[in-house]
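Please examine the structure shown below. This briefing describes how its parts are arranged, grouped by topic.

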Amino acid sequence: MTAFARNQWYVAAYSEEIGRELLGRTILGEPLVFYRAEEDGTPVALHDRCVHRRYPLSASGLDGDRIVCGYHGFTYDRTGTCVYVPGQKRVPRTARVAAYPVAEQDSLVWVWVGDPALADPDTIPRARHLDSPGWTTVRGMEPIDADYGLLVDNLLDLSHETYLHGGHIGTPEVAETPITTEVDEGAGVVRVSRHMADAECPPFYARSTGIAGRITRRQDIEYHAPCLYLLHSRIAPVGAAPEPDGGDPHGFHTEITYAITPSTGGTVYDFWAVSRDWATDDAEVTEFLRANNHTVVMQDVDALNLLQRTLGTERTGYQELSIDIDSGGLAARRILARLVEEGDKPAEGVR
Ligand code: FES
Ligand SMILES: [Fe+2]
C-alpha cells in the first residue's frame, strides 16, 4: 500500500460541487465535510464527525454558516468551534472539530489535511485551462477501489492506451514509440513525453476533429506529485505546415487533467477533465468527448479494481519486472516516497 504524503494539497472537489448542501468526502483517511459559506462564498472543510457521538456532520444540516448535528443538535461554526449544545448553557471547552485549510483555484477546491502551519496556497500547481476563457471542459470523478499508487502508475505510463483503450484513444504507435522522462526532484515534477511522427488517428480525435488521415501526435505529461497530473496533447495531420517558429504543427491542442486524491488506504478519487481550445462552441463535440472519455476512464477504473483485487491475493514479496516504459512511474514512486518520508514539508521550489 502506498503511504500518504500528508503535508500536501489535494483536490477535494470541483468548485461547483461545493455549495449549500453538505458534501462528505474522505481524504487521506480523514472524513471531511465541505460547504460554501454564505458569508463570503468561500469553501469550508471540517472534520466530519460530531464530538458528541460521532454522527457524520455531512448527514446533518446547515443553519446559516453553522452545521447543526442531525442527531442531537450540537452546533458548530465555520472554525469548527461548538457554539451550542442541547439542555445546558455551558458548552464544554473541548467541544470542537478540526477545521482544514482550503483553497479554491482553477475551479478546483484543494484541501490540506496535514499540519496547518505548513499550508501555503501559493504552492498549489495551476491548471488554468480548466476555467480560462477560450477553453471548453468536460469532467467528472470516479472513485476507484485501488491504492492511489496504482492510478499514478497507470497515468504515468500511457503505453496501456494501445491495449486497454484500443478503439478509443489507443493506437499501435502509442505502445511502439519510446518515451523520454525528465525528473525535477526539487519541484516534485515528473515529465514524460512521447512524440509520434506518423500515427493512426484514434476515434477519440478523428470523430471530434474531423481529421481523416494519419497524424503527428504528441503526449507531454507533467505530473506534479502527489495530486495533479496534466497531459498536454497535440495532434495535427501529417504534413501540416509547421508553426511560424519552425516547430511541430500545434494543430489541435487538448489538455487532459487528472487529480489523484487518496481517499482511504486502498481507495482513491479519480478526478478527470478534458479541455480543448478548438470547436469550443460545438455541443456535439462536447458531448462526444464527455461520453468517450468517460468510457475510457471506466476502462481504467475496471482495470485498477481488478488489479487491486488480484494483488490482494498475491503472496507478499512478489516481484515486479519493470522496463523502459516504466521510467515515469518509477520516478513518481521515488518522489512520492520522499514526500511521505519528509513527514512532510512541501517540496521546495516553484510548484
Ligand atoms: S452525535 Fe452529534 S449531537 Fe449527538
Ligand atoms: Fe488509461
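The points that follow concern a sheet, the helices beside it and an annotated domain.

The model is a predicted one. Seven strands make up an open sheet with antiparallel pairing, and two helices, H1 and H5, pack on this sheet.

**The sheet**
- The strands of the open sheet follow the order E11-E17-E16-E15-E14-E13-E12.
- Strand E11 (136–144) and strand E12 (180–184) are the edge strands, each pairing on one side only.
- From one strand to the next, the twist averages 15°.
- Strands E12 and E13 (residues 189–199) run antiparallel and are joined by five bridges.
- Within this pair, Thr181 stands opposite Val192 in E13.

**Helices packed on the sheet**
- Helix H1 (residues 148–156) touches E11, E13, strand E14 (215–224), strand E15 (228–237), strand E16 (252–262) and strand E17 (268–276).
- The direction of H1 makes about 165° with that of E16.
- Helix H5 (residues 283–312) touches E11 and E17, and its direction makes about 20° with that of E11.

**Burial of H1**
- Helix H1 is mostly covered, as nine of its nine residues are buried.
- The buried residues of H1 include Tyr148, Leu150, Asp153 and Leu156.

**The annotated domain**
- An unreviewed UniProt entry places the feature "domain: Rieske" at residues 9–111.
- Over residues 9–111, the chain is 0% helix and 41% strand.
- The end C-alpha atoms of residues 9–111 are 6 Å apart.

Definitions and conventions
Residues numbered from 1 in each chain as written. Chains lettered and ligands numbered in written order. Predicted model: local features only at pLDDT ≥ 70, side-chain atom pairs only at ≥ 80, totals over all residues. Pairing = 2+ DSSP bridges. Helix = DSSP H or I, 4+ residues; strand = E, 2+ residues; numbered from the N terminus. Axes fitted to C-alpha atoms, helices over the stretch in contact; angles between N-to-C directions. Contact = placed C-beta atoms within 7 Å. UniProt positions renumbered as here; feature names shortened; annotations may be inferred. Buried ≥ 20, exposed ≤ 12 C-beta atoms within 10 Å, placed from the backbone.
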